[in-house]
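Colleague: Before I rely on any of the labels attached to this model, I would like to hear the reasoning behind them.

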Amino acid sequence: MRVVIPLAGFGTRLRPHTFSKPKPLLYVAGKPVLAHILDELVALDPEQVIFIVGYLGDQIEEYVREHYAFDARFVEQRQLLGQAHALHLAREHITGPVVISFVDTIAKTDLSVIERSAADGIAFVKEVVDPRRFGVVVVEDGQIRRFIEKPDTDEHRLAVIGLYYIRDGDHLMRCIERLITSGRQTKGEFYLADALQLMVDDGARFEVGEVDVWQDCGTPEAVLETNRYLLAHGHSNAGDVAVEDGVIVPPAYVAPSARIRRSVVGPNVTIAADCVVENTIVEDSIIDEGATLVDAILDGSIVAPRVTVRGARQRLNIGDTSSVEFAPNSR
């Protein structure tokens, strides 16, 4: 079993944070988004994990090699021509059974279904109200008949969450080769959904695997929602945190090296390593590594690494190494 993780996008919806840090390394509930995903996938005991990287990909390689011992390979996608194009770049590594996982979302599901399935592939899905910004599947008699990327209507609502199992990676690569050679694009890109449809047309049998939890990490609002969910489901350490004349309101995660003085932290707050929080009230926020909050009241904020905030009484979405200070008469 091999795992392929395409993560070459710019993450423009998450700027300013993704100007200096790739989206998969954004900090949520105690660790980067990528770590939440990898910690689920390592249960499959993959023989190799292939990362398709792009902008700031060196940071991803550095993080993976520092924190994981599996055999990791890195392939660069310089032109963002779509999901299928990204996989085509890694074709020499994609053979035999393969799991493909995108990093826009964090999902919780029973991956052991892969071992029990006799199908040629599994697309993990969740029913949504408005499927038009996702890929969807059409199921008949328990089998996927059609993959549709970003449909124009809401007729079919089983959205593909970006997690797939393919029994024959070589077959997938042949279909991607056909897709690219023919120049067949959807909305200007080579989509994986179109390659999977070619597999279905060839007779491959695909099933759906339904997931209970599907948390988006594509926008600041979605990242905060994912932070709330993860903290409420096993990632809070609020009861183990010592503070100086302050209160931690669960659920919350506070890194051991963070210093909390005369402050109220939580609920739904993540404080990363080496942060300093003094005379501050902060809730429903993510405060990244090395940030300093003094005399502040923050709610619904994302504060990047090494930011200093003094006297703020508002919501902030601020990039790294910034300094924001409010004079008393300006509050």
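The exchange below takes some of the labels in turn and sets each against its cut-off.

Modeller: Please keep in mind throughout that this is a predicted model.

Colleague: What makes the protein chain as compact as a globular protein of that length?

Modeller: The protein chain has seven helices and 28 strands. Its radius of gyration is 21 Å, and the globule rule gives 20 Å for 331 residues, so the two values are close and the chain counts as compact as a globular protein of that length. The C-alpha atoms fill a box of roughly 70 × 40 × 35 Å along the principal axes, and buried residues make up 56% of the 331 residues.

Colleague: Why is strand S1 called mostly covered?

Modeller: A residue is called buried when its relative accessible area is under 20%, and six of the six residues in S1 (residues 2–7) are buried. The cover applies to both faces, with Arg2, Val4 and Pro6 buried on one side and Val3, Ile5 and Leu7 buried on the other.

Colleague: How do you know that S1 pairs with strands S6 and S4?

Modeller: Two strands pair if DSSP finds at least two bridges between them. Three bridges join S1 to S6, and these strands run parallel; Arg2, for instance, stands opposite Val98 in S6. Six bridges join S1 to S4 (residues 48–53), again in a parallel arrangement, and there the bridge partner of Leu7 is Val53. Because the requirement is at least two bridges, both pairs qualify.

Colleague: What is the span of helix H5, and what is expected for it?

Modeller: Helix H5 (residues 169–182) has 14 residues, and from its first C-alpha to its last it reaches 20 Å, close to the 20 Å expected at 1.5 Å a residue.

Colleague: What makes Asp168 a cap for H5?

Modeller: A side-chain oxygen of Asp168 lies 3.1 Å from the backbone nitrogen of Asp170, at the N-terminal end of H5. A polar contact needs N or O atoms within 3.5 Å, so this pair meets the distance limit. Just after H5, Gly183 takes a positive phi of about 75°.

Colleague: Which residues of H5 are buried, and what covers them?

Modeller: The buried residues are Gly169, His171, Leu172, Met173, Cys175, Ile176 and Leu179. Their cover includes helix H3 (83–89), strand S6 (98–101), strand S11 (158–166) and helix H6 (192–201). Strand S6 is thus named in two places, as part of the cover of H5 and as a parallel partner of S1.

Key: Residues numbered from 1 in each chain as written. Predicted model: local features only at pLDDT ≥ 70, side-chain atom pairs only at ≥ 80, totals over all residues. Heavy atoms only, no water. Helix = DSSP H or I, 4+ residues; strand = E, 2+ residues; numbered from the N terminus. Expected span 1.5 Å × (residues − 1). Buried < 20%, exposed > 50% of the residue type's maximum accessible area, 1.4 Å probe, protein only. Contact = heavy atoms within 4.5 Å. Polar contact = N/O pair within 3.5 Å; in protein donor to acceptor, adjacent residues only side chain to side chain. Rg over C-alpha atoms; globule rule 2.2 N^0.38 Å.
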